[in-house]
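Open the model in your viewer and show the backbone as a cartoon. We will start with the whole chain and then zoom in on one helix.

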Amino acid sequence: MTRSDGYLLDNRQTEAGQRFDAFASLFDPTTFRHVEALGIGPGMRCWEVGAGGTSVVSWLAEKVGSDGRIVATDLDTSLLTAAVRPPVEARVHDVGTEEPPGEGFDLVHARLVLVHVPDRARALQSMIKALRPGGWLLIEDADPALQPLICPDELGPEQQLANRLRHGFRKLLADRGADLSYGRKLPRLLREAGLRDVEADAYFPMTSPACAALEAATVRQIRDRLVDAGLATDEDIDRHLANVEAGGMDLATAPMISAWGRKA
């Protein structure tokens, strides 16, 4: 993530922890499966970019053990406090503007980060620079333009309202420089950057308690921005939150595309 007064989803807002908990439920199994396949294990060095919460950092710490090293960076590391003990080190860092926090990493990983970074190209180069030869880069990012609806089955007024608010959310993101079609570009960008053995897949959750929790926390977090921009009224938001709580809608997320490659 990058330092910007316009960043929409601040880690210090109350709802941020709820969003990270939902991300962990939705996406940790996919992330862990990919990291396992890359062979990350005892004694290895990893850089977790835009770490946010603790779930990935804590899991990586168990994988690398006491002889390894995990550098967890974010603009705001306040939610990482519980995970900061050897082998984990937390640093305040802007991946879009600063040099990497070290070199020779076996794995550099970022999840749902680069889509928000204005200078994504610089961030990607920084992450590759930090790898040792043969080290792996794993980027997992959303592609909201590939599937723009929170309710793909737009059955009635509840789903229509949900999709209208999702459209407003996407507009707020785009106005702040987010690339809403970034996820699909990742395999090409990794190849163009000189990485080898590039592969990718996608995960698209629908209809789970975590999807509902993520939607409620996100809408609460951006409520004032939606209203101030004229994209929704307080009444719209209250009605939508009540609909989410009622549990009668099938709520989806944007596809998360995972792409990985090895440094020559």
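## Whole chain

Keep everything selected. This is a predicted model, and of the contacts in the chain with a separation of 6 or more, 76% join residues 24 or more positions apart.

Colour by secondary structure. The chain holds 7 helices and 7 strands. Trace them along the sequence and the pattern reads α-β-α-β-β-β-α-β-α-α-β-α-α-β. The radius of gyration is 18 Å, close to the 18 Å that the globule rule gives for 264 residues, so the chain is as compact as a globular protein of that length. Draw the principal axes: the C-alpha trace spans about 55 × 35 × 30 Å along them.

Switch on the surface. Its accessible area comes to about 11300 Å². Carbon and sulfur atoms own 49% of that area. Under the usual cut-off of under 20% relative accessible area, buried residues make up 55% of the 264 in the chain.

Now select the charged side chains. There are 30 positive and 39 negative ones. The centres of the two sets lie 6 Å apart.

## Helix α2

Select residues 55–64, which form helix α2. Which residues of this helix are buried? Show Val56, Val57, Trp59, Leu60, Ala61 and Val64 as sticks: these are the buried ones.

Next, add what surrounds them. The buried residues of α2 pack against helix α1 (14–37). They also pack against four strands: β1 (45–49), β2 (69–74), β3 (88–92) and β4 (105–111).

Last stop: step just past the end of α2 to Gly65. Check its backbone there; Gly65 takes a positive phi of about 70°.

Notes:
Residues numbered from 1 in each chain as written. Predicted model: local features only at pLDDT ≥ 70, side-chain atom pairs only at ≥ 80, totals over all residues. Heavy atoms only, no water. Buried < 20%, exposed > 50% of the residue type's maximum accessible area, 1.4 Å probe, protein only. Helix = DSSP H or I, 4+ residues; strand = E, 2+ residues; numbered from the N terminus. Contact = heavy atoms within 4.5 Å. Rg over C-alpha atoms; globule rule 2.2 N^0.38 Å. Areas by Shrake-Rupley, 256 points an atom, 1.4 Å probe, with all protein chains shown as cover. Lys, Arg positive; Asp, Glu negative; His and termini not counted. Charge placed at Lys NZ, Arg CZ, Asp CG, Glu CD.
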